[in-house]
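Reader: I should like a close look at one part of this structure, namely the sheets of chain A. Please describe how their strands are ordered and paired, and what surrounds them.

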Amino acid sequence: MTSPAPIAEPHGTPRAEAAAVPALSIDDVSHSYGPRRALMDVSFNVQPASFTALLGLNGAGKSTLFSLITRLFGIQSGRVGIFGHDVSKSPGEALRLLGVVFQPRTLDLDLSLTQNLLYHAALHGIGRREASARSAELLGRIGLADRAASKVRDLSGGQMRRLEIARALLHRPRLLLLDEPTVGLDVKARADIISHVRQLVTEQGIGVLWATHLFDEIMPGDDLVVLHQGKVLAQGPMSRVITEAGAQDVNTAFMRLTGAQTMPGGGA
Amino acid sequence: MSSITTREAPRGFSFAEYMTCLSGIVWREGLRFLHQRERFVSALVRPLVWLFIFAAGFRQVLGISIIPPYETYILYEVYIAPGLMAMIQLFNGMQSSLSMVYDREMGNMRTLLVSPLPRGFLLFCKLLAGTAVSLLQVYAFLLIAWLWDITPPPQGYLTVLPALILSGLMLGSLGMLISSGIKQLENFAGVMNFVIFPMFFASSALYPLWRVQEGSPYLYYLCEANPFTHAVELIRFALYGQVNWISLAVVATCTIVFMIGAILAYDPSRGLARRGPAGGEG
């Protein structure tokens, strides 16, 4: 395999300068579905060029939070900012800096890989010539260049996820959200995707928010946000969260914090 | 927020970006339609069954007197052709909305809605794309109808186009408005029964309204109030190079009302999407 060519610098703001504004800021966000409260006063930041893991069990409120950040749901209270742009007040400016991979697959199965990418590019107002060049480049990078004209239906689960990540990067966002992107994938495909995303953080300075319930996807240098039943129980660098919980590893720390009796599946 | 100095100034979106987005959405809708051959076939077979079988059977039962826009006595097939064109668009509008419910459940709607362009514009593009697909179906139907001796004046094929675009947008917006209220896919069967059939039968698609009035004045008023009647009449007159101004006004007004309604219903800060998966507060 050829070594992956670096993709062009996202948007061009120097990294040191951008660090003054969080890539993502969540301030006092609450959300209810009727009487059921899904999120309660959630606040945290994701810094540019950082990998932040949003750790929580199923039903913790991760997907609701993602729907609020991507403006699929209206924000009932609190504020969500992407590089300082308020998602409610200037969604266009906020969303153009955001790439997202949702938990359910969102590809057109009957269209080809390239067609899926071109459609996404059009939705971001990227002209056909530029879009074709970027699509070819990204397909090369995820090792699917030779499948460009195949239907997405014929891809494996891991390949589809890689395509979704490539698609999320097509408009060169500076913040990438991934909602449990490795669910249902085999060990190899998981490892590939995790290392690809971590590469994006170090090489391109993209801020990543990675929602997961799998402890082994988190690494010592990561920032951690523990979300449980709609509340943030702990946040900060992983080592600090573990120390403050008086634990030796993430697994134990998580159980102490949440009072969970059973381990969530798939932990290390 | 002026305290944040490193934030990039909003740069908005250029006209070219809007047009790229519009053509991308229409292109994708067209591709999807081409991949669904059975949808195209059934979209054609449905009106043809009405034309070949129903109209042939009713030809002897229903006499059509000379009513505008027709200048001579006409066969029943000729009378119902515009109604069937509108029916194609009615089904297509509802089917597009079905695909939006389906898309939303499959997550594809998310791809559309996280585009940074204004949401109202995205939904408008979606409606235009659905209308474009309905035009393909209608013209394919007109071609077959022409072989069946339904021959409007040649320029009629052109003058009917703006009418079809407007009626397509109206029916598509209505479908979108209805789809915003549906949380589960299986509810759509109910929409077919409660929207498509009543709209189609309580209209001037199959019988002229003066005939309906003879039978039941109440049904007549219902038909007159039915926007679908006016879509049919708008198409009927346009096909013969004429404008039915009342129908044009009704269809244009309904298009605007339905479209605004549909866009508001999708708006996250005010609309139904806010109810979220649990479907509570409504």
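Author: The account below begins with the chain as a whole, then takes each sheet in turn, and ends with the domains and the second chain.

The model is predicted. The mean pLDDT of chain A is 87, with 90% of its residues at 70 or more. Confidence in chain A is highest in helix α4 (residues 113-123), at a mean of 96, and lowest in helix α1 (residues 15-18), at 45. Residues 1-18 of chain A have a pLDDT below 50, and this stretch makes 25 contacts in the model beyond near neighbours in sequence. The pLDDT is also below 50 over residues 262-268 of chain A, where 11 such contacts occur. Chain A holds nine helices and 10 strands. Of its 268 residues, 50% are buried. Among the contacts in chain A with a separation of 6 or more, 69% join residues 24 or more positions apart.

One sheet of chain A is open and has six strands, in the order β6-β7-β8-β3-β9-β10, with mixed pairing. Its edges are formed by β6 (98-101) and β10 (231-237) of chain A; each has a single partner strand, so one side of each is left without a neighbour in the sheet. On average, neighbouring strands of this sheet are turned by 15° against each other, direction ignored.

At the β6 edge, β6(A) runs parallel to strand β7 (residues 175-179) of chain A, and four bridges join the two. Within this pair, Val100(A) lies opposite Leu177(A) of β7(A). Helix α6 (residues 157-169) of chain A packs on the sheet here and touches both β6 and β7 of chain A, its direction making about 165° with that of β6(A). A further helix, α7 (residues 187-204) of chain A, lies across β3 (51-55), β7 and β8 (207-212) of chain A. The angle between α7(A) and β8(A) is about 155°. Strand β7 of chain A is thus touched by α6(A) and crossed by α7(A).

The other sheet to be described is also open, but has four strands of chain A in the order β2-β1-β4-β5, and its pairing is antiparallel. Here β2 (36-46) and β5 (85-86) of chain A stand at the edges, each with a single partner strand, so one side of each lacks a neighbour in the sheet. In general, strands of a sheet pair through backbone hydrogen bonds, either parallel or antiparallel.

The pairs of this sheet can be followed from one edge to the other. Seven bridges join β2(A) to strand β1 (residues 24-33) of chain A in the antiparallel sense, and in this pair Leu39(A) of β2(A) is the bridge partner of His31(A). The hairpin of β1(A) and β2(A) has two residues between the strands, and Gly34(A) in that hairpin takes a positive phi near 60°. Strand β1(A) also pairs with β4(A), again in the antiparallel sense, over five bridges; Ser25(A) stands opposite Gly81(A) of β4(A). Finally, strand β4 (residues 77-82) of chain A pairs with β5(A) over two bridges, likewise antiparallel, and Ile82(A) faces His85(A) of β5(A) as its opposite residue.

Between β3(A) and β4(A) in sequence lies helix α2 (residues 62-69) of chain A; eight of its eight residues are buried, so the helix is largely enclosed by the rest of the structure. These residues include Lys62(A), Leu65(A), Phe66(A) and Ile69(A). Just after α2(A), Arg71(A) adopts a positive phi of about 65°.

The domain assignment divides chain A into domain 1 (18-97 + 173-258) and domain 2 (107-172). Their centres, taken over C-alpha atoms, are 25 Å apart. In the contact between them, 12 residues of domain 1 of chain A meet 10 residues of domain 2 of chain A. On the domain 1 side, α7(A) gives the most, with five residues. The residues of that side comprise seven nonpolar, two polar and three charged.

Chain B offers no sheet to set beside these, for its secondary structure comes to 11 helices and zero strands. Of its 282 residues, 42% count as buried. In chain B, residues 24 or more positions apart account for 77% of the contacts with a separation of 6 or more.

How values were computed:
Residues numbered from 1 in each chain as written. Chains lettered and ligands numbered in written order. Predicted model: local features only at pLDDT ≥ 70, side-chain atom pairs only at ≥ 80, totals over all residues. Buried ≥ 20, exposed ≤ 12 C-beta atoms within 10 Å, placed from the backbone. Pairing = 2+ DSSP bridges. Axes fitted to C-alpha atoms, helices over the stretch in contact; angles between N-to-C directions. Contact = placed C-beta atoms within 7 Å. Domains from an automatic or database assignment. Nonpolar A, V, L, I, M, F, W, Y, C, P; charged D, E, K, R; others polar. pLDDT = per-residue confidence, 0-100.
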